[in-house]
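I opened this entry to record what I looked up in the structure, beginning with the pairing of strands and ending with the packing of helices.

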Amino acid sequence: MYAIEAVALTRTFDDLVAVNQLTFTVQPGEIFGFLGPNGAGKTTTIRMLTGQLRPTAGHACVYGCDVVNDRQPLASIIGVVFDHQNIYERNSVAENLRFAARLYGTGRARVDAVLDVVGLQADAKKKAGKLSNGQKQRLLIARALLHQPRVLFLDEPTRGLDPHVARDIRSFVADLGAQGVTVFLTTHYMEEADRLCDRVAIIDRGRIVSLGTPAQLKAEMAAADATLEDVFIELTGRSL
């Protein structure tokens, strides 16, 4: 069974075709990069794969759960971290997680466990609004991991973070992949994708224009020292 399978997945908004017949698969335990310029359809694709937005055409499954017809079981096997930090800033770190844990039906022990995983145990009593951007991102990831999802969707998890904080987040994502969690990652940082991802898909104007391992995509370029960013610019005609 694929972790993620999309077949001719399409989404339109009036006359705009935001996602245009995407077909791809993601293997269990794979870190899968989904790269594209702003407006390429990345976030729309995540919203469809996580059951938040109904496809106009085509279909997709996550570990066999249809994203339209099986939304309740789908929610139990996925975690989602979008690039906007939607936390309760007046509540403490622990209170944010305990509230989410009640929704997921998980116990207090799991809250303590994810605080340890993301390195926020010492800040458990701190108001979420007082956290740095990097700490808030850790809190969002902790919340997404409370119910031990099989697939984690990360939308620009290191955007705007200090380099050392971004490095810690990347290390954490790599550890998740090593533990067998499937990670669907969007990023504007080509070096990040090159370092973390088992495979990457490059999407432009709603279509996948290339898919393969970072090494395979770079090998298609004429230059021996080509980077993933070179590939991206060649395929999309745009830089990040």
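I began at a single bridge and noted that D204 has R207 in β10 as its bridge partner; the model I am reading here is a predicted one. I then widened the view to the two strands and found that β9 and β10, the latter covering residues 207-212, pair in the antiparallel sense over 5 bridges. Their hairpin has 2 residues between the strands, and in it I noted R205 with a positive phi near 50°.

Next I asked which strand pairs with β9 in the parallel sense. I found that strand β3 (residues 31-35) does so, over 4 bridges, and that L35 stands opposite I202 in β9.

I then checked burial along β9, residues 199-204, and found 6 of the 6 residues buried, so I recorded the strand as largely enclosed by the rest of the structure. R199, A201 and I203 point one way from the strand, whereas V200, I202 and D204 point the other way, and all are buried.

Last, I turned to the helices α3 (residues 93-104) and α4 (residues 108-118), whose axes come within 9 Å and cross at roughly 130°. Angles over 145 degrees count as roughly antiparallel and those from 65 to 115 as roughly perpendicular, and I therefore entered α3 and α4 as oblique to each other. I recorded their crossing as right-handed. From α3 the contact is made by V93, A94, L97, R98 and A101, and from α4 by R108, V111, V114 and L115; by class, I noted 7 nonpolar, no polar and 2 charged residues in this contact.

Methods: Residues numbered from 1 in each chain as written. Predicted model: local features only at pLDDT ≥ 70, side-chain atom pairs only at ≥ 80, totals over all residues. Heavy atoms only, no water. Axes fitted to C-alpha atoms, helices over the stretch in contact; angles between N-to-C directions. Parallel < 35°, antiparallel > 145°, perpendicular 65-115°, else oblique. Left-handed = near helix turned anticlockwise from the far one by under 90°. Contact = heavy atoms within 4.5 Å. Nonpolar A, V, L, I, M, F, W, Y, C, P; charged D, E, K, R; others polar. Buried < 20%, exposed > 50% of the residue type's maximum accessible area, 1.4 Å probe, protein only. Pairing = 2+ DSSP bridges.
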